[in-house]
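Hi there,

Here is the structure I promised to pass on. Please open it alongside this email and follow along.

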Amino acid sequence: MNSDCRTPASGNKVDANGEVLGQMVSRYLAPTMKENPAEAEIASHRLMIRAGLIRRLAAGIYSFLPLGLRSLRKAERIIRAEMNRFNSREVLLPAVQPAELWKESGRWEKYGPELLRFQDRHGRDCIIGPTHEEVMTDLVRREVRSFRDLPLNLFQIQTKFRDEVRPRFGLMRGREFIMKDAYSFDADDAGAESSYQDMRQAYVNIFRNCGLQFAVVEADSGSIGGSFSHEFMVLAESGEDALAFCSECGYAANLEKARLAGYPGFEAPETQGMTRTHTPGCRHVPQLAAFLGTEQGHIIKSMLFLTEEGEPVLALIPGHREINPVKLKNALGGSAPTLASPGEAEMIMGVPMGFVTPVGAGVRIIADLGVGRLNSGVVGAGEADYHHVGAKPGRDFRVDSYADLAEVVEGDPCPNCRGALVIKRGVEVGHIFKLGLKYSEAMGARYAKADGTEAPIVMGCYGIGLGRTVAASVEQNHDKDGIVWPAALAPFQVALLPLQMGDDEVRSKALALFDELVDLGVETLCDDRDVRPGLKFKDADLLGLPVRVTVSEKSLKDGRVEIKTRRSKELSMVPLEGCAGRVRELVDETLRQEQGR
């Protein structure tokens with residue numbers, strides 16, 4: 001939207017937040033692009049670059065241009081309003097953190113290369129914070145002394161850095177990003193649960209007020225830690241995360257966390273004993289099932305993993321299922337396992353992959369719950385081209401522990417009501433955690449109880465990715481022509497298009513309407529460029545503001561202007577007199593509808 005036209009902006013007023021209510025395109029940095037950028041893989045990445053919202057500086061690092069920053073600031077204001085409503089108080093902590101705090105918590109060694117480490121001029125180890133649990137805990141342990149100081153909830157909005165091995169999808173998975181992170185501090189578990197539920201409701205309000213369609217799902221706590229967590233997912237087909245939903249009872253979980261209730265039709269006849277059977281060349285489950293004439297679910301896959309400490313672990317799972325690596329990690333106490341290579345498996349187990357056996361195995365064995373439900377199954381025989389048929393867990397081979405290890409698939413029964421699960425895609429925009437005592441015990445954050453004894457503070461952690469929220473909004477709201485902004489996050493509410501800026505009447509009427517809209521508090525972007533109408537229409541659709549108002553020579557002959565809503569594409573001709581009031585009503589109505597009010 002660059003132009004040499006320098007029409008002065010009339011009525012350049014600001015709102016209560018200091019934001020400009022009205023802006024002329026000719027005095028704005030809003031460079032649009034006709035073609036899709038080569039590096040962009042998903043819609044939000046393409047459209048945010050083409051519409052002039054962001055520009056790439058380096059891999060996973062983006063600059064916000066004025067239009068993009070306006071949307072970001074709107075998300076910030078929505079977040080601040082709800083955090084303040086739920087008695088969370090804003091602070092701003094340093095981005096640079098001393099390594100000593102991370103060593104205290106035990107995460108200095110556990111975090112991998114995504115942690116950006118450096119030394120200052122005195123040789124002291126430091127990091128650029130990817131998150132702030134340690135710094136916030138350090139602040140509170142210095143200031144909180146008594147139960148009278150609790151509960152306490154603090155939040156900040158700040159830049160983080162995680163050196164992602166493969167940054168992609170624009171703001172969806174960047175290395176540098178802006179996050180709202182909040183932390184609750186309570187005297188006991190009951191207080192911590194109350195704080196958690198408050199933040200859960202605050203997040204529901206935030207994403208609803210952003211005009212987003214989202215789901216709250218059970219999730220894995222990952223590197224943040226803690227006993228329990230929920231993710232807030234904006235539903236979008238291009239989402240990186242797979243989610244399991246039950247339409248009957250409302251159960252929802254990230255696929256990493258989704259529980260498997262059972263295997264329908266998973267019975268197998270019990271045998272008197274296992275039989276060693278020649279199975280030439282049958283290294284894979286489909287081959288073996290076809291050769292033996294049995295169900296793939298009656299074959300027990302034996303997969304060798306190595307823990308972070310190098311311990312070999314044999315994981316067993318029914319042949320028609322895949323192991324969920326996050327479930328396996330949690331079942332192993334948080335030690336992230338890696339699948340052994342064929343060479344490692346043969347060296348440790350003495351047999352080629354595909355014929356590894358749990359029978360007499362000298363390694364730790366963990367099995368999926370489905371294996372325990374089998375009366376008999378097929379396992380490797382510990383020799384190339386042979387399998388044991390009719391093997392029963394507990395009778396023919398030992399299992400050291402059972403756990404839910406399987407990846408949930410569409411149609412599996414819901415763990416709560418046995419309804420059928422469906423799988424959808426989503427973009428994670430928020431995550432809340434019950435941290436418990438993980439950081440307070442490790443870092444000595446304690447308080448004095450009423451009886452004078454000391455106890456560790458019970459903590460919670462609550463994060464929202466602001467840039468990701470804006471990008472997810474675009475991902476969820478677009479069409480073939482461009483972005484379709486929800487009114488709450490749109491950079492401006494109205495696109496005002498005077499089609500013939502060289503015509504004195506069009507120019508004067510459009511600028512007068514601009515002043516009226518601004519006076520009514522309507523955020524208006526006026527395309528005052530002296531360019532052909534087709535370009536203005538295309539750029540307006542690309543940017544996707546909720547309402548478009550067009551002033552032209554033709555419409556003014558009848559004393560009217562054209563109003564078109566971006567989402568519904570509803571078009572109407574209205575009298576110029578009173579148009580500003582009608583637009584104000586339309587914007588307010590759109591906000592109410594999108595927020596479900």
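Below is what I found, going from the core to the helices and then to one polar residue.

Please keep in mind that this is a predicted model.

Let's begin with the core. The largest nonpolar core has 61 residues, and Leu-53 and Trp-485 are the ones that touch the most other members. Helix α6 (residues 189-209) supplies the largest share of this core, with seven residues. If you centre your view on Leu-53, you will find Trp-485 among its contacts, along with residues including Phe-64, Leu-67, Ile-483, Pro-491 and Leu-543.

Leu-543 also leads us to helix α14 (residues 533-543), where it is buried together with Lys-536, Asp-539, Ala-540, Asp-541 and Leu-542. The cover over the buried residues of α14 includes two helices, α1 (43-50) and α2 (66-85), and the strands β27 (482-483), β28 (494-498), β29 (524-526) and β30 (547-551). Just past the end of α14, Gly-544 has a positive phi of about 75°.

Next, helix packing. Two packed helices are described by the angle between their axes and the distance between those axes. Helix α2 is worth following here, with two partners to look at.

- With α6, the angle is about 150° and the axes are 9 Å apart. Angles over 145 degrees count as roughly antiparallel, so α2 is roughly antiparallel to α6. Their crossing is right-handed. On the α2 side, Ile-78, Ile-79, Glu-82 and Met-83 meet Met-199, Ala-202, Asn-205, Ile-206 and Asn-209 of α6.
- With helix α12 (residues 466-476), the angle is about 110°, again with axes 9 Å apart. That makes α2 roughly perpendicular to α12. Here Ser-71, Leu-72, Ala-75, Glu-76 and Ile-79 of α2 touch Leu-466, Gly-467 and Val-470 of α12. This crossing, too, is right-handed.

Ile-79 is therefore worth a click, because it appears in the α2 contacts with α6 and in those with α12.

Finally, a polar residue: is Asn-254 buried or exposed? Asn-254 sits in strand β13 (residues 252-254) and counts as buried, because its relative accessibility is 2%, below the 20% cut-off. Its side chain makes a polar contact of 2.7 Å with the side chain of Glu-231, and another, of 3.3 Å, with that of Asp-241. Beyond its neighbours within four places in sequence, Asn-254 is also in contact with residues including Val-217, Ala-219, Met-233 and Leu-243.

Happy browsing, and do write back with any questions!

Best wishes

Conventions:
Residues are numbered from 1 along each chain as its sequence is written. This is a predicted model: local features need pLDDT of at least 70, side-chain atom pairs count only at pLDDT 80 or more; totals for chains, interfaces and linings use all residues. Side-chain values use heavy atoms; hydrogens and water are left out. Helices (H or I, at least four residues) and strands (E, at least two) are DSSP runs, numbered from the N terminus. Buried means under 20% relative accessible area, exposed over 50%, partly exposed in between (1.4 Å probe, protein chains only). A polar contact is a pair of N or O atoms within 3.5 Å; within protein, one must be able to donate a hydrogen and the other to accept it, and residues adjacent in sequence count only if both atoms are side-chain atoms. Contact means heavy atoms within 4.5 Å. A nonpolar core is a set of buried Ala, Val, Leu, Ile, Met, Phe, Trp, Tyr and Cys residues joined through side-chain atoms within 4.5 Å. Axes are lines fitted to C-alpha atoms, for helices over the stretch in contact, and angles run from 0 to 180 degrees between N-to-C directions. Angles under 35 degrees count as roughly parallel, over 145 as roughly antiparallel, 65 to 115 as roughly perpendicular and the rest as oblique. A crossing is left-handed if the near helix is turned anticlockwise from the far one by less than a right angle, and right-handed if clockwise.
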